[in-house]
Amino acid sequence: MPSRRKRCTEKLTSTLSVAPLRSTMRTLESMRRVREGGDITLVAWGAMVERCDAAITEHGLFTVALSGGSTPRLLYERLAVCDLPWDRVELFFGDERCVPPDHPDSNYRMVREALIAKVPLLRENVHRIQA
């Protein structure tokens, strides 16, 4: 049976029609366009799984800055079911609201509920913003 990481990637490639954007700028060449009816969360999910695997292979560590708000929640929930080497993943927060970490508006709380509490991340690899 394939690993969860492989199933994540297989599901991504089998359910979406994704095309690279044409550009002469190097930074835009790696961008992807989701065709109408596509699921942007699955595109982001697959990209993060691929980048995580590549970073760990090349550097031994994957670091990512997370967005807050309600938009990325489904992405974090989908990542939580992937069999990633969570001991080699470091999470940083791109923003936080000026509320306690258990407040309903806290970005940290949303990420904790959607991802952190569901995977074996090392406590010292979660870098939240103290608000």
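The structure holds three salt bridges, and I shall take them in turn, bearing in mind that this is a predicted model. The first joins the side chains of Glu-77 and Arg-73, with N and O 3.0 Å apart. Both residues belong to helix H4, and because they are four residues apart there, about one helical turn separates them. Glu-77 is partly exposed, at a relative accessible area of 28%. Arg-73 also counts as partly exposed, with a relative accessibility of 28%.

The second salt bridge takes us from helix H4 to helix H5. Here the side chain of Arg-73 meets that of Glu-113, at 3.7 Å from N to O. This pair links distant parts of the chain, since Arg-73 lies in H4 and Glu-113 in H5, 40 residues apart. Glu-113 is partly exposed, at 31% relative accessibility.

The third salt bridge is between Arg-109 and Glu-113, whose closest N and O atoms are 2.7 Å apart. Both residues sit in helix H5, four residues from one another, or about one turn of the helix. Arg-109, at 24% relative accessibility, is partly exposed as well. Taken together, Arg-73, Glu-77, Arg-109 and Glu-113 are linked in a network of salt bridges. As a general remark, side chains of opposite charge can pair when their charged atoms come close.

Let us stay with helix H5, which spans residues 107-114. Which of the residues of H5 are buried? They are Asn-107, Tyr-108, Met-110, Val-111 and Ala-114. These residues cover an arc of only 160° around the axis, and therefore lie on the same side of H5. What covers them? The cover for the buried residues of H5 includes helix H4, at 73-79, together with strands S3 (62-66), S4 (89-93) and S5 (126-127). At the N-terminal end, H5 is capped by Ser-106, which places a side-chain oxygen 3.2 Å from the backbone nitrogen of Tyr-108.

I turn now to the nonpolar interior. The largest nonpolar core has 29 residues, and the members that touch the most others are Tyr-76, Leu-79 and Leu-115. At least two residues of this core come from each of helix H3 (40-59), S3, H4, S4 and H5. H3 provides the largest share, with seven residues. Leu-115 deserves a closer look: leaving out residues up to four places away in sequence, Leu-115 touches Tyr-76, Leu-79, Ala-80, Trp-86 and Leu-91. In soluble globular proteins, nonpolar side chains tend to be buried together.

My last item is Asn-125, in the loop between H5 and S5. Is Asn-125 buried or exposed? Asn-125 counts as buried, because its relative accessibility is 8% and the cut-off for burial is under 20%. What does its polar side chain reach? One partner is the backbone oxygen of Val-89, at 3.2 Å from the side chain of Asn-125. Another is the backbone oxygen of Asp-87, which lies 3.4 Å from a polar atom of that side chain. Setting aside neighbours within four places in sequence, the residues in contact with Asn-125 are Asp-87, Val-89, Glu-90 and Leu-91. Leu-91 is thus a residue to note twice, being in contact with Asn-125 and touched by Leu-115.

Notes:
Residues are numbered from 1 along each chain as its sequence is written. This is a predicted model: local features need pLDDT of at least 70, side-chain atom pairs count only at pLDDT 80 or more; totals for chains, interfaces and linings use all residues. Side-chain values use heavy atoms; hydrogens and water are left out. Buried means under 20% relative accessible area, exposed over 50%, partly exposed in between (1.4 Å probe, protein chains only). The arc is that of the directions from the helix axis to the C-beta atoms. Contact means heavy atoms within 4.5 Å. A polar contact is a pair of N or O atoms within 3.5 Å; within protein, one must be able to donate a hydrogen and the other to accept it, and residues adjacent in sequence count only if both atoms are side-chain atoms. A salt bridge is a side-chain nitrogen of Lys or Arg within 4 Å of a carboxyl oxygen of Asp or Glu. A nonpolar core is a set of buried Ala, Val, Leu, Ile, Met, Phe, Trp, Tyr and Cys residues joined through side-chain atoms within 4.5 Å.
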